[in-house]
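I opened a new notebook page for this chain. My plan was to look up what packs inside, then how the strands are arranged.

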Amino acid sequence: MGVPLSGEPDPPDEGRDRTHGKRLLLAAVRRAALIPILLACLLLGGGFAFAPARTHAVSQTLHAQVGPDFQISLSFDDGTPVTNLPAGTYTVQVKDLSTEHNFHLYGPGVDEKTQIETTSEATWTVTFQDQNGYSFQCDAHSSLTGTFTVGNLPAPAPVTTHEPEPLPAPPPPPPLPLRGTLRTTLGPKPAIALMKGKKHVRKLPRGIYTFAIADRSKADGVTLRRVVGGSFSQVLTAPRFVGKKTVSIELQPGKWKVYSGTRETRIYAFFDVT
Ligand SMILES: [Cu+2]
């Protein structure tokens with residue numbers, strides 16, 4: 001559908017009432033405003049004869065659609081998105097194709113919407129006021145949105161459908177430092193000891209530790225549990241196991257307990273990880 005340069009048809013011959021005069025004046029002003037643009041186009045484009053005032057075909061009927069997927073749009077008859085149109089009264093044919101979205105059209109003098117929970121079709125008659133901006137959106141999903149301008153305002157960037165942007169993956173946590181060896185001895189007496197060097201362990205910085213276990217008890221095994229700060233529990237040696245074993249374990253901040261799995265209340269030691 002072609003559009004006259006003035007952006008509106010010549011007014012009907014209805015006599016020189018005030019409205020008519022104003023319309024003629026507006027049309028004249030618009031034509032005058034186009035002259036520098038035409039001149040510029042002629043200078044730049046050489047033999048070019050007709051400057052399209054708009055790249056899309058403005059139609060009196062607009063087509064609003066939301067769904068069935070995560071998409072919303074408002075377009076002219078030929079399917080081009082509405083980014084700017086002349087002031088005036090339009091018919092909006094609405095297709096709400098989703099039970100999760102609605103189509104809400106609003107701005108100065110306009111506030112029309114469909115229901116979120118149902119699909120529906122509707123026809124709205126709306127009047128867009130000159131020099132204003134209007135919006136449409138799904139009220140349930142704020143990223144499903146679009147805007148357009150009316151009259152001689154710069155058109156917004158055409159955003160008529162909007163996919164939710166995937167969040168960037170969080171960076172992996174930095175690896176814990178390797179902190180060395182903890183000597184863990186159990187038995188033959190009913191006792192457990194956790195040593196770093198020649199000292200009993202009371203407090204450790206977080207990190208990865210190698211538990212070097214010497215289990216000399218036939219009835220007890222070594223179990224490690226994080227009792228405060230998070231859940232972690234691991235049997236390092238089974239009760240009947242006798243011998244040596246090394247196990248690497250990440251120690252995260254909290255209170256930890258190393259103990260005999262069969263006699264936890266008698267054979268145990270606590271230590272803190274910070
Ligand atoms: Cu929605």
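**Entry: the cores.** I looked up the largest nonpolar core in this predicted model. The core has 21 residues. Leu-62, Ala-64 and Phe-103 touch the most other members. I then asked which strands supply at least two residues of this core. They are strand E1 (61-66), strand E2 (72-75), strand E4 (88-96), E8 and E9.

I picked out Phe-103 and listed its contacts, leaving aside neighbours within four places in sequence. Ala-64, Val-66, Ile-72 and Val-94 are on the list. So are Asp-96, Lys-113, Thr-114 and Phe-136.

I also found a second, separate core, this one of 17 residues. Among them are Ile-192, Val-222, Leu-251 and Val-258.

**Entry: the chain as a whole.** I stepped back to the totals. How many helices and strands does the chain have? I noted one helix and 19 strands. The chain has 274 residues, and buried residues make up 22% of them. I checked contacts with a separation of 6 or more as well. Residues 24 or more positions apart account for 60% of those.

**Entry: one five-stranded sheet.** I traced an open sheet with the order E3-E9-E8-E5-E6 and mixed pairing. Which strands stand at its edges? They are strand E3 (84-85) and strand E6 (110-113). Each has a single partner strand, so one side of each is left without a neighbour in the sheet.

Next I followed E8 through its pairings. Strand E5 (residues 104-107) runs antiparallel to strand E8 (residues 132-138), and three bridges join them. Here I found Leu-105 opposite Phe-136 in E8. Phe-136 was already in my notes as a contact of Phe-103.

E8 also runs antiparallel to strand E9 (residues 141-150), with seven bridges between them. In this pair, Ser-135 stands opposite Thr-147 in E9. I looked at the link too: a hairpin of two residues joins E8 to E9. Both strands came up earlier, since I had listed E8 and E9 as suppliers of the largest core.

**Entry: another five-stranded sheet.** I traced a further open sheet, with the order E12-E11-E10-E14-E17. Its pairing is mixed. The edge strands are strand E12 (199-200) and strand E17 (243-251), and each pairs on one side only. I checked the E12 end. Two bridges join E12 to strand E11 (residues 192-196), and the two run antiparallel. Met-195 faces His-200 of E12 across this pair.

**Entry: around E18.** I looked up what pairs with strand E18 (residues 254-260). Strand E15 (residues 222-228) runs antiparallel to E18, and six bridges join the two. Leu-224 stands opposite Val-258 in E18. I had met Val-258 before, as one of the residues in the second core.

E18 also pairs with strand E19 (residues 268-273), again in the antiparallel sense and over six bridges. Which residue of E19 is the bridge partner of Tyr-259? I found Tyr-268 in that place.

Conventions. Residues numbered from 1 in each chain as written. Predicted model: local features only at pLDDT ≥ 70, side-chain atom pairs only at ≥ 80, totals over all residues. Pairing = 2+ DSSP bridges. Helix = DSSP H or I, 4+ residues; strand = E, 2+ residues; numbered from the N terminus. Core = buried A, V, L, I, M, F, W, Y, C linked by C-beta atoms within 7 Å. Buried ≥ 20, exposed ≤ 12 C-beta atoms within 10 Å, placed from the backbone. Contact = placed C-beta atoms within 7 Å.
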